[in-house]
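The following exercises ask the reader to work through a protein model and to justify each classification step by step. Please consult the sequence and the coordinates while reading the solutions.

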Amino acid sequence: MAIRTASAAGSRPRFTGRAAVLALVLCSLIAALAYPTRQFIAQRADIAAQRAAAEQARARVEELRREKARWQDPAYVRTQARERLHYAMPGETPYVSVDPASGQRSSDASAPTRGGARQPWYASVWDSVDAADRAVRAAPRP
């Protein structure tokens with residue numbers, strides 16, 4: 001039998017077989033769990049984005065329901081017909097006041113104009129049909 005000396009017994013290898021196996025197992029666990037963890041985090045972010053989109057859609061639906069309820073009110077419909085289509089009730093005399101400084105009607109300065117005065121909606125439609133016809137005629141034929 002061999003006699004061990006104090007210097008040989010006191011020095012152990014720093015990296016044993018058990019430590020190598022433990023390091024290999026830990027690296028394998030980390031590698032195996034990295035992809036599912038990344039997918040989990042990405043899916044949570046997608047879920048949060050979908051919830052936000054659903055909340056925006058709910059808010060839009062509620063806004064449209066309120067608008068639909070307004071359109072059920074005959075007074076609101078009458079007001080919109082007067083403002084948008086320039087309708088008048090029987091017996092009324094409709095008129096348009098023009099601001100001499102700007103050449104626009106005082107009721108709506110952002111509306112399309114023809115010769116300084118605001119044109120009615122049906123004239124705008126007809127002008128767009130004419131413009132489309134001119135564009136087709138001006139386009140070169142293949």
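The exercises below concern a predicted model.

**Exercise 1. Overall architecture**

Task: State how many helices and strands the protein has, and give the order of the elements from the N terminus on.

Solution. Step 1: the protein has four helices and two strands. Step 2: read from the N terminus on, the elements run α-α-α-β-β-α. Step 3: buried residues make up 6% of the 142 residues. Step 4: among contacts between residues at least 6 apart in sequence, 9% join residues at least 24 apart. Step 5: the protein exposes about 12600 Å², of which carbon and sulfur atoms supply 61%.

**Exercise 2. A salt bridge within helix H2**

Task: Determine the separation of Arg58 and Glu55 along helix H2, and classify the accessibility of each residue.

Solution. Step 1: the side chains of Arg58 and Glu55 meet in a salt bridge, at 2.9 Å from N to O. This distance satisfies the cut-off, because a salt bridge requires the side-chain nitrogen to lie within 4 Å of the carboxyl oxygen. Step 2: the two residues are three residues apart in helix H2 (residues 17–71), so they are separated by about one helical turn. Step 3: Arg58 counts as exposed, because its relative accessibility is 51% and the exposed class begins over 50%. Step 4: Glu55 has a relative accessible area of 45% and is therefore partly exposed. As background, side chains of opposite charge can pair when their charged atoms come close.

**Exercise 3. Two further salt bridges**

Task: The structure holds four salt bridges. For the pair Arg82 and Glu92, and for the pair Arg137 and Asp133, give the N to O distance and the position in the chain.

Solution. Step 1: the side chains of Arg82 and Glu92 meet in a salt bridge at 2.9 Å, N to O. This pair links distant parts of the chain: Arg82 belongs to helix H3 (residues 74–85), while Glu92 lies in the loop between H3 and strand S1 (113–114), 10 residues apart. Step 2: Arg82 is partly exposed at a relative accessible area of 35%, and Glu92 is partly exposed at 39%. Step 3: the side chains of Arg137 and Asp133 meet in a salt bridge at 3.1 Å, N to O. Both residues lie in helix H4, four residues apart, or about one turn of the helix. Step 4: Arg137 is exposed, with a relative accessible area of 66%, whereas Asp133 is partly exposed at 33%.

**Exercise 4. Aromatic pairs and the contacts of Gln80**

Task: Characterise the geometry of the two aromatic pairs, and decide whether Gln80 is buried or exposed.

Solution. Step 1: the structure holds two aromatic pairs. Trp71 and Tyr76 form an edge-to-face pair, with 5.1 Å centre to centre and 85 degrees between the planes. The assignment follows because planes over 60 degrees apart count as edge-to-face. Step 2: Trp71 is partly exposed at 32% relative accessibility, and Tyr76 is partly exposed at 22%. Step 3: Trp121 and Tyr122 likewise form an edge-to-face pair, with 5.8 Å centre to centre and 80 degrees between the planes. Step 4: Gln80 is found in helix H3. Gln80 is buried, because its relative accessible area is 10% and the buried class lies under 20%. Step 5: not counting residues up to four places away in sequence, Gln80 touches Trp71 and Leu85.

**Exercise 5. The nonpolar surface patch**

Task: Identify the residues that make the nonpolar surface patch, and name the helix that supplies the largest share of the patch.

Solution. Step 1: Leu85, Tyr87, Trp121, Tyr122, Val125, Trp126 and Val129 make a nonpolar surface patch of about 770 Å². Step 2: the largest share, five residues, comes from helix H4 (residues 121–138). Step 3: Trp121, which lies in helix H4, is partly exposed with a relative accessible area of 47%. This value meets the accessibility condition, because patch residues need over 30% relative accessible area. Step 4: Tyr122 is exposed, with a relative accessible area of 53%. Trp121 and Tyr122 are patch residues and also form an edge-to-face aromatic pair.

How values were computed:
Residues numbered from 1 in each chain as written. Predicted model: local features only at pLDDT ≥ 70, side-chain atom pairs only at ≥ 80, totals over all residues. Heavy atoms only, no water. Patch = residues over 30% accessible without salt bridge, like charges linked within 9 Å, V, L, I, M, F, W, Y side chains within 5 Å. Areas by Shrake-Rupley, 256 points an atom, 1.4 Å probe, with all protein chains shown as cover. Buried < 20%, exposed > 50% of the residue type's maximum accessible area, 1.4 Å probe, protein only. Contact = heavy atoms within 4.5 Å. Phe/Tyr/Trp six-rings, centres within 6.5 Å; stacked < 30°, edge-to-face > 60°.
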